[in-house]
Amino acid sequence: PDAHGLTLLPLLARERSPGYAPDATGAIAGLRLGTTPLDIAQAALESVALRLALIAERMGDLTQIMTSGGALERSPAWTQMFADALDRPLTLLSEGELTARGAALWVRAQATGRTWTELPPTVRGVVEPRPHGAAALRAARERQVQLYQAMMDFNSNIPRSTF
């Protein structure tokens, strides 16, 4: 984890969360002659996990983090990055279309008063964070936050075109 020495902001389509900054931009810092495409790919994947960890931290104490989706199912490495970045176990679910399932269970609860816990999702497994991975990505997240601040300061000083 983070052995590439890169710091990447994955804000290519502006920032949706946690700052909702319309002027936010993506960036890569730490490029060297020896940086490989694999280093950049790893930094990009880790950067998404780091942003999610920042959001999760702001949400407070989460009792359990459940995940699903094709990207995580197809990439055990990315799933491990998320567990390390969050420094929390990830409960992997077998359920497809988890958002639709959640919406349907919410409607059911509104109509009947019964909770979703009566129909728990199927658990596929749990991915535990690795201590060395969590420590490395914690340091990477601090660099990412610093780069974010620097980029926001830089972007705020750029004169906007009037045409």
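**Exercise 1. Find the bridge partner of Leu 92 in strand 5, then describe the sheet around this pair.**

Solution.

Step 1. The bridge partner of Leu 92 in strand 5 is Gly 125. Strands here are DSSP runs of E with at least two residues, helices are runs of H or I with at least four residues, and both are numbered from the N terminus. The model is predicted: local features need pLDDT of at least 70, side-chain atom pairs count only at pLDDT 80 or more, and totals for chains, interfaces and linings use all residues. Residues are numbered from 1 along each chain as its sequence is written, and side-chain values use heavy atoms, with hydrogens and water left out.

Step 2. Strand 4 and strand 5 run antiparallel and are joined by four bridges. Two strands count as paired if DSSP finds at least two bridges between them.

Step 3. On the side of strand 3, three bridges link strand 3 to strand 4, and these two run parallel. Leu 90 in strand 4 is the bridge partner of Ile 65, and Met 66 stands opposite Thr 91.

Step 4. The result is an open sheet of three strands in the order 3-4-5, with mixed pairing. Strand 3 (65-67) and strand 5 (123-127) are the edge strands, each pairing on one side only. On average, neighbouring strands of this sheet are turned by 30° against each other, direction ignored.

Step 5. Helix 3 (residues 76-86) packs on the sheet and touches strand 3, strand 4 and strand 5. The direction of helix 3 makes about 145° with that of strand 4. Axes are lines fitted to C-alpha atoms, for helices over the stretch in contact, and angles run from 0 to 180 degrees between N-to-C directions.

**Exercise 2. Describe the surroundings of Thr 91: where does Thr 91 lie, and is Thr 91 buried or exposed?**

Solution.

Step 1. Thr 91 belongs to strand 4 (residues 90-93).

Step 2. Thr 91 has a relative accessible area of 7% and is therefore buried. The cut-offs are under 20% relative accessible area for buried, over 50% for exposed, and partly exposed in between, with a 1.4 Å probe and protein chains only.

Step 3. Thr 91 and Leu 93 point one way from strand 4, Leu 90 and Leu 92 the other way, and all are buried.

Step 4. Leaving aside neighbours within four places in sequence, Thr 91 is in contact with Gln 64, Ile 65, Met 66, Thr 67, Val 123, Gly 125 and Val 126. Contact means heavy atoms within 4.5 Å.

Step 5. With Gln 64 there is also a polar contact, side chain to side chain, at 3.1 Å. A polar contact is a pair of N or O atoms within 3.5 Å; within protein, one must be able to donate a hydrogen and the other to accept it, and residues adjacent in sequence count only if both atoms are side-chain atoms.

**Exercise 3. At what angle do helix 1 and helix 5 pack, and how far apart are their axes?**

Solution.

Step 1. Helix 1 (residues 37-58) and helix 5 (residues 131-156) pack at about 85°, with axes 10 Å apart.

Step 2. The two helices are therefore roughly perpendicular to each other. Angles under 35 degrees count as roughly parallel, over 145 as roughly antiparallel, 65 to 115 as roughly perpendicular and the rest as oblique.

Step 3. Helix 1 contributes Glu 46, Ser 47, Leu 50, Arg 51, Ala 53, Leu 54 and Glu 57, which meet Leu 137, Ala 140, Arg 141, Gln 144, Val 145 and Tyr 148 in helix 5.

Step 4. By class, the residues of this contact are seven nonpolar, two polar and four charged. Ala, Val, Leu, Ile, Met, Phe, Trp, Tyr, Cys and Pro count as nonpolar, Asp, Glu, Lys and Arg as charged, and the others, Gly among them, as polar.

**Exercise 4. Examine the backbone at Asp 2, Arg 14 and the bond between Ser 17 and Pro 18.**

Solution.

Step 1. Most residues other than glycine have a negative phi, and most peptide bonds are trans.

Step 2. Asp 2, in the segment before strand 1, has a positive phi of about 60°. Asp 2 is buried, at 12% relative accessible area.

Step 3. Arg 14 lies in the loop between strand 1 and strand 2, and its phi is positive, near 70°. Arg 14 is exposed, with 55% relative accessibility.

Step 4. The peptide bond joining Ser 17 and Pro 18 is cis, with omega about 5°. Pro 18 is in the loop between strand 1 (7-9) and strand 2 (27-29).
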